[in-house]
Amino acid sequence: MAASLGTAYTSALVLIPPRHLWPAIQAIRSTHDKHHDRWMPHITLVFPFAQYKNFDAAAQVLRQALRDFPFFDVHLGDMSHFQHGPKSSTLWLNPSQSNDPSAPHPELLRLYRVLAEALPEYNLKPADFKPHMTLGQFGSAPDLRGNRERLMQYWEPIDFRVKELYLITRTGANTPFEVRSVVELAGSDHNPNFEPTPEPINNNSKIYVGGLAPGVNDRDITNLFSAAGVEVMSVTIVKNDRKSVGFGFVEVSPEQEEQAVSLSGRDLHG
């Protein structure tokens, strides 16, 4: 019998999209996900996971189990949800194939079955696996529906190729997760014509701003950020039929992203 890898709520096995795709996801999470500064954008495979001291052993088990598992392509185009109770819900992106954005990705489901067999001590249940990328926490069903409709108005689908699994851990209750080990898949592209979402020409960060009153304009938003010492590259207020829908985006330099995020939660009432 193989030695136990242990269990820790400070570690996880996840999929992570390429970093240049993070801003669009984090623009939503920074306002709606209370864990956005603890977890990077990710799809959870196993949590809790192995103790950090056993990561080398865990990676060895995974490499053996996944030695023939090919790359696969993930499309993030549709949003779904979990309704936890009358006043509690979670909105998430559905990792799918591009030709069927509302259904779970079959290769993700197959990957989970392989993990369940390779990691029996974690009692993974493939029949219950619901792959997802969390965007935020919301309230009642009507609140969730309204926010989903609002966010879907501007969401631009993301595509990326899964080539690796990541073993992540954090050192304390409030510290962010960090990648500590990487397990590569076997390669062998399923779709040689796949075109991933390209990296942006510039490296600026797009920050979500919500709570905008109908009278708020680009200058109001620019003045708010400028007063705090943040240089604004551009402002986009999302509109429907020429009327603001209450949120928008501010483009800032990567160096000022953290400072800009701290301002993005302030309501602007014009």
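User: Hi! Which residues form one aromatic cluster with Tyr9?

Analyst: Trp39, Phe47 and Phe177 join Tyr9 in that cluster. One thing to keep in mind as we go: this is a predicted model.

User: Good to know. How many aromatic pairs are there by the ring-centre rule?

Analyst: The count comes to ten aromatic pairs. Among them are Phe49 and Phe55, with ring centres 6.2 Å apart and planes at 50 degrees, so that pair is tilted.

User: And are those two buried or exposed?

Analyst: Phe49 counts as buried because its relative accessibility is 0%. Phe55 counts as buried too, at 3% relative accessibility.

User: Got another pair for me? How are Phe82 and Trp92 arranged?

Analyst: Phe82 and Trp92 also make a tilted pair, at 5.0 Å centre to centre with 40 degrees between the planes.

User: Which parts does that pair tie together?

Analyst: Phe82 belongs to strand β3 (residues 72-85) and Trp92 to strand β4, so the pair links parts that are ten residues apart in sequence.

User: How buried or exposed are Phe82 and Trp92?

Analyst: Phe82 is partly exposed, with a relative accessible area of 24%. The cut-off for buried is under 20%, and Trp92 is buried because its value is 2%.

User: Switching topic: what sits over the ring of Trp22?

Analyst: That would be the charged end of Arg19, 4.1 Å from the centre of the Trp22 ring. Another example is Arg180, whose charged end sits over the ring of Tyr52, 5.6 Å from its centre.

User: Trp22 sounds worth a second look. Which helix has it among its buried residues?

Analyst: Helix α1 does, and Ile25, Gln26, Ala27, Ile28, Arg29, Ser30 and His32 are its other buried residues.

User: Why is α1 described as largely enclosed by the rest of the structure?

Analyst: Because eight of the eleven residues of α1 (residues 22-32) are buried.

User: Last one: where does His105 lie?

Analyst: His105 is in the loop between β4 (88-96) and α3 (106-118).

User: Is His105 buried or exposed, then?

Analyst: His105 counts as buried, because its relative accessibility is 3%.

User: What does His105 touch, leaving out residues up to four places away in sequence?

Analyst: With those left out, His105 touches Phe72, Asp73, Val74, Pro95, Ser96 and Gln97.

Key. Residues numbered from 1 in each chain as written. Predicted model: local features only at pLDDT ≥ 70, side-chain atom pairs only at ≥ 80, totals over all residues. Heavy atoms only, no water. Helix = DSSP H or I, 4+ residues; strand = E, 2+ residues; numbered from the N terminus. Buried < 20%, exposed > 50% of the residue type's maximum accessible area, 1.4 Å probe, protein only. Contact = heavy atoms within 4.5 Å. Phe/Tyr/Trp six-rings, centres within 6.5 Å; stacked < 30°, edge-to-face > 60°. Lys NZ or Arg CZ within 6 Å of the ring centre and 35° of its normal.
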